[in-house]
Amino acid sequence: MNDWSKWLDYQLQKLKPFVKTYLKDSQQVTDELKTIPNPLPPNARLFTTDANSMYDNIDTEHAIKVITWFLDELGPLLPPGFPIEAVKSAMEIIMKNNIFTWGVLFFLQCMGTAMGTSAAVMWVTLYYGYHENNCLIPKYGNNM
């Protein structure tokens with residue numbers, strides 16, 4: 001399953017440019033803030049979030065629907081030859097069949113993002129990215 005998750009991660013990585021709020025790391029934030037030509041107003045506030053602690057709270061069925069919507073909306077914008085149907089199948093199989101160990105015990109993860117899998121980070125990035133692209137940016141625009 002891990003090799004398949006690595007393949008899925010490789011494919012999902014190609015979608016980063018479509019997540020308008022995607023930031024590689026805190027250094028990118030620092031670098032971009034330095035390019036602001038005028039000082040920020042004195043009442044400006046800077047907030048960052050990281051979905052890391054939210055991974056296991058993402059409903060698997062909902063995330064599959066949301067990321068599928070995202071893929072379908074991107075359609076012709078996807079890289080040439082992007083294996084959209086294979087990606088959809090891999091997401092479902094990997095996220096619904098994660099087995100992890102604790103000591104000598106084996107567990108089937110029944111809810112949340114498949115923790116420990118290679119595709120988990122991009123899965124969450126796309127899940128939240130869809131919400132940011134379609135809800136937060138249209139509503140809050142330049143205030144983000």
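How many residues does α1 have, and how far does α1 reach from its first C-alpha to its last? The legends below take that up, along with a few other spots in this predicted model.

**View 1. The whole protein, as a starting point.**
This is a predicted model, and its secondary structure comes to 5 helices and 2 strands. Walking along from the N terminus, you meet the elements in the order α-α-α-α-β-β-α. The C-alpha atoms fill a box of roughly 55 × 40 × 25 Å along the principal axes. The protein has 144 residues, and 32% of them count as buried. About 9,700 Å² is exposed, with carbon and sulfur atoms supplying 58% of that area. Take the contacts between residues at least 6 apart in sequence: 70% of them join residues at least 24 apart. As for charge, there are 11 positive and 14 negative ones, and the mean positions of the two groups are 5 Å apart.

**View 2. Helix α1 and its two sides.**
Here is the reply to the opening question: α1 has 12 residues and reaches 16 Å from its first C-alpha to its last, close to the 16 Å expected at 1.5 Å a residue. Its buried residues are S5, L8, D9, Q11 and L12. They cover an arc of only 165 degrees around the axis, which puts them on the same side of α1. Look at the other side of α1 and you find D3 and Y10, which are exposed. The buried residues of α1 pack against two other helices, α4 and α5.

**View 3. Helix α4 and the face it keeps covered.**
Helix α4 takes in residues 84-96, and at 1.5 Å a residue its 13 residues should span 18 Å; the end C-alpha atoms are 18 Å apart, so the two agree. Which residues of α4 are buried? They are V87, K88, A90, M91, I94 and M95. Seen down the axis of α4, these buried residues fall within an arc of 165 degrees, so they line one face of the helix. It helps to remember that an α-helix has 3.6 residues a turn, so residues three or four places apart point the same way. The buried residues of α4 pack against α1 (2-13), α3 (60-74) and α5 (120-140).

**View 4. T68, where α3 meets α4.**
T68 is part of helix α3. Is T68 buried or exposed? With 18% relative accessibility, T68 counts as buried, because the cut-off for buried is under 20%. Leaving out residues up to four places away in sequence, T68 touches K88 and M91, and both of those are among the buried residues of α4. T68 and M91 are 23 residues apart along the chain, and their C-alpha atoms are separated by 9.4 Å.

**View 5. F70 and its neighbours.**
Also in helix α3 sits F70, which is buried with a relative accessible area of 6%. Not counting residues up to four places away in sequence, F70 touches F18, V19, L126, Y130 and N133. Pick out L126 in this view: along the chain F70 and L126 are 56 residues apart, while their C-alpha atoms are separated by 7.9 Å.

**View 6. T60 and E61 in helix α3.**
T60 is found in helix α3, and at 9% relative accessibility T60 counts as buried. Setting aside residues up to four places away in sequence, T60 touches M95, K96, M111, G112 and W123. E61 has its place in helix α3 too, but with 41% relative accessibility E61 counts as partly exposed. For a sense of scale, E61 and E132 are 71 residues apart along the chain, and their C-alpha atoms are separated by 19 Å.

**View 7. Y55, a buried loop residue.**
Where is Y55 found? Y55 has its place in the loop between α2 (26-34) and α3. At 8% relative accessibility, Y55 counts as buried. Not counting residues up to four places away in sequence, Y55 touches G112, T113, M115, A120, V121 and V124. One of these contacts, G112, is 57 residues from Y55 along the chain, and the C-alpha atoms of the pair are separated by 6.3 Å. You have met G112 already: T60 touches G112 as well.

Key. Residues numbered from 1 in each chain as written. Predicted model: local features only at pLDDT ≥ 70, side-chain atom pairs only at ≥ 80, totals over all residues. Heavy atoms only, no water. Helix = DSSP H or I, 4+ residues; strand = E, 2+ residues; numbered from the N terminus. Buried < 20%, exposed > 50% of the residue type's maximum accessible area, 1.4 Å probe, protein only. Contact = heavy atoms within 4.5 Å. Areas by Shrake-Rupley, 256 points an atom, 1.4 Å probe, with all protein chains shown as cover. Lys, Arg positive; Asp, Glu negative; His and termini not counted. Charge placed at Lys NZ, Arg CZ, Asp CG, Glu CD. Expected span 1.5 Å × (residues − 1). Arc of directions from axis to C-beta.
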